[in-house]
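Colleague: I would like to go through this structure with you, one point at a time. Please show it before we start.

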There are 2 protein chains.
Amino acid sequence: MSSVYLSGVGMVRFGKHPVDIGFEQLAAGAAAAALKDAGASRSQIEALYVGHVFGGPVAGQRVAAQVGIDGLPVSNHENYCASGATALREAWMAIRAGLYDVVLVIGAEKMTDRVKGGVAPDPSDLDAVQGFVMTAGHAMSARRYMLDHGATREQIAMVAVKNHAHSQHNPFAHYQHAITLEQVLSARLVADPLGVLDCSPISDGAAAAVVCSARGLQRLGLPASQPQVRAIGLVSGTLRTGLYDLNEEDISRRAGRQAYEMAAIDPADIDFVEMHDCFTIAEIVRMEGLGLIPRGEGARWTADGRTSIGGQLPVNPSGGLLSRGHPVGATGMAQVCELYWQLTGQAGARQVEEARLALSYCKGGTVSGTDGASVTTVVVSR
Amino acid sequence: MSSVYLSGVGMVRFGKHPVDIGFEQLAAGAAAAALKDAGASRSQIEALYVGHVFGGPVAGQRVAAQVGIDGLPVSNHENYCASGATALREAWMAIRAGLYDVVLVIGAEKMTDRVKGGVAPDPSDLDAVQGFVMTAGHAMSARRYMLDHGATREQIAMVAVKNHAHSQHNPFAHYQHAITLEQVLSARLVADPLGVLDCSPISDGAAAAVVCSARGLQRLGLPASQPQVRAIGLVSGTLRTGLYDLNEEDISRRAGRQAYEMAAIDPADIDFVEMHDCFTIAEIVRMEGLGLIPRGEGARWTADGRTSIGGQLPVNPSGGLLSRGHPVGATGMAQVCELYWQLTGQAGARQVEEARLALSYCKGGTVSGTDGASVTTVVVSR
């Protein structure tokens, strides 16, 4: 079983890109940056893995032509908001299987010119069609969390304040300015108690990584000290089976356990987390679902600064989905870029000190989960 | 590196299914048949791989819920008409990587209630938007082939006659009746010289396989003599780069070579082929592209019966896309079902004698290939 390494990463800035910059151009921009970072030439790439949701049929093949690596095996991976991480997982598996030594993985999405006011629910998601959309679900999650754990609206809002504070120092973030607690609390209400600053934005963007075997590292002239992809968990499933607690996060618990076991790590050793904070409350309940913060304490941890850079367990040093932005298929790979930059000490003013082991988490699917959700958990160490 | 085996397969009949039988139900029907065939219980399945084009986001998760294997890792694979085979390839890789021992692979598509008169070209395919659609491209391919090789319209039409003759004996085929050469020649013209019987139909359907490691076979109580997936090639790429010969089939040549090398076989030892005959002429030029029939002789081979069951190299004993039908995401797995049935001597009146080594081939993408195509080549032996 080959070990799997990250040899370089790259992103295009998340945000609103012009209409004439398409999905393929965004993806190619991230790819070029990752190739440059890894010191890899196009001819050294053996296969391409692309994660996306809205790119249309054979999206990866169009990207390959744009990148200038036409003719390679291309795999397209759709797994809603976990698409980028799922593409990485298949690449990681192919390297483990000994099929390739140097591959390129890209997550990309062009959303701002096609998604107006949020992603429309899939017609097959009967709950969403009736109004139980993403925001409604997370609002219920927040209400229930406050009721169960005595948490306050302010504590939950602090997730957005923290993540915006972090992304001030991330040149690839959609938002690069700080916000105040008052701004979050007084923002336009979306679904009580969540306002617009509790929600991740609609963004365009792309992120990529060159992923290698040990032999691939040698081929690129890189040392074996490059960050290593230790495990990638994937759990799918409908979330609701009868009566249930919205904040139970059984799927997160299982995906976490899968990754910890596969990587043979103690989760207490994780130095920071890139978490799928599509909504403020989601960061809290998912960190608890992973067992990284005790149940019911996530809101207080946030308000106390324990999940800030410099705190006990920094969460989303990149700014997360809330502030780095959320081009859905790109998010998983943007998290991996952040893991790479942090673990190689290249994160500048947002650097997490002594970062050696990190986890990134994506969740795809609807909040009700009647059409099936997926959680990916990526463990990277140096 | 683990060897990879087929432990059972299943299909639902290809054809027009009622509007209230959805994608998920078709997929679940094929899955249930494959599980039964393999003697596998739902709880023995460790992961699900789903190939589809039109199933929408997280299609596989919806299928998992329908199959009753909710909670497993699910991967969705889109690669146009090669989607089913691409899903199989990722499953094969995961088993080779030692990640799983028993997985389920499904290809499925519900087309008849959404595709009217053919698949609309992707707006990004500028050639197709201008009229160079699939049928036009294959018509040009046929004209060029006739001109270059002195082949006749009648010889090309014989591909449809042969494949319909084969599928008379396939209970899962869309069409189960023979047709005459006169019927093909006098059928409504679609793109001169190709008539409607030279074109594969719009079908609904699903096909599935339980795929195992050696340990997985033991777990299911099956012998090591089960058919083995020896190689799965994948080549992607835009097809056209400047001046080119439509029938050159460079992408097929490369995908064939990839599979022969990976499987360490002499292509001359292949006993039969399941070929992506989306159009009559396509079967001919692709067999030649693979190097299995000498360049320019495919039409004559067909007319002489050399590619019929009982001939030198039977092609499409199942009836192929032309007559078994072509629910795009399902086709690659339907080919694998046929490989399995033939290699285990279960093909009844369409049995290819002494079948020990077989190849299936899918091609996805547009004929001009400006938006990128893919070819998969699956080698299975017993």
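## Helix packing and the two chains

Colleague: At roughly what angle do the axes of helix H3 and helix H13 of chain B cross?

Modeller: This is a predicted model. Helix H3 of chain B covers residues 83-96 and helix H13 of chain B covers residues 328-343. Their axes come within 5 Å, and the crossing angle is roughly 65°.

Colleague: Which residues of H13(B) does H3(B) meet?

Modeller: By class, this contact has 4 nonpolar, 4 polar and no charged residues. From H3(B) come B:Ser83, B:Gly84, B:Ala85 and B:Leu88. Their partners in H13(B) are B:Gly329, B:Gly332, B:Met333 and B:Val336.

Colleague: What kind of axis relates chain B to chain A?

Modeller: Chain B superposes on chain A with an RMSD of 0.0 Å after a rotation of 180°, and the shift along the axis is 0.0 Å. That is the relation of a two-fold axis.

Colleague: Which residue of chain B comes closest to that rotation axis?

Modeller: The distance is taken at the C-alpha and comes to 1.9 Å. The residue of chain B in question is B:Ala97.

Colleague: Why can one say that the copies meet through the same surface?

Modeller: In chain B, 43 residues are in contact with 43 residues of chain A. The copies meet through the same surface because the share of interface residues of chain B that are also interface residues in chain A is 100%.

Colleague: How many salt bridges are there between chain B and chain A?

Modeller: The area buried between the two chains is about 3300 Å², with 52% of it from carbon and sulfur atoms. Across the interface, 20 residue pairs are in polar contact, counting pairs with both residues at pLDDT 80 or more. For salt bridges between chain B and chain A, the count is 0.

Colleague: Which element gives the largest share of the side of chain B that touches chain A?

Modeller: The elements giving two or more residues to this side are helix H2 (59-67), strand S3 (74-77), H3, strand S8 (228-237) and strand S11 (373-381) of chain B. By class, the side has 20 nonpolar, 14 polar and 9 charged residues. The largest share is 6 residues, and the element is H3(B).

Colleague: Is the peptide bond from B:Asp192 to B:Pro193 cis or trans?

Modeller: B:Pro193 lies in the loop between strand S5 (189-191) and strand S6 (194-195) of chain B. Omega for the bond is near 10°, and the bond is cis. In chain A, the bond joining A:Asp192 and A:Pro193, with omega about 10°, is also cis.

Colleague: What is the phi of A:Glu354?

Modeller: A:Glu354 sits in the loop between helix H13 (328-343) and strand S10 (357-364) of chain A. This residue is not a glycine, yet its phi is positive, at about 55°.

Technical notes:
Residues are numbered from 1 along each chain as its sequence is written. Chains are lettered from A and ligands numbered from 1 in the order in which they are written. This is a predicted model: local features need pLDDT of at least 70, side-chain atom pairs count only at pLDDT 80 or more; totals for chains, interfaces and linings use all residues. Side-chain values use heavy atoms; hydrogens and water are left out. Copies are superposed by least squares on the C-alpha atoms of residues with pLDDT of at least 70 in both. Contact means heavy atoms within 4.5 Å. Axes are lines fitted to C-alpha atoms, for helices over the stretch in contact, and angles run from 0 to 180 degrees between N-to-C directions. Helices (H or I, at least four residues) and strands (E, at least two) are DSSP runs, numbered from the N terminus. Ala, Val, Leu, Ile, Met, Phe, Trp, Tyr, Cys and Pro count as nonpolar, Asp, Glu, Lys and Arg as charged, and the others, Gly among them, as polar. Buried area is the accessible area (1.4 Å probe) that two parts lose on being put together, summed over both. A salt bridge is a side-chain nitrogen of Lys or Arg within 4 Å of a carboxyl oxygen of Asp or Glu. A polar contact is a pair of N or O atoms within 3.5 Å; within protein, one must be able to donate a hydrogen and the other to accept it, and residues adjacent in sequence count only if both atoms are side-chain atoms.
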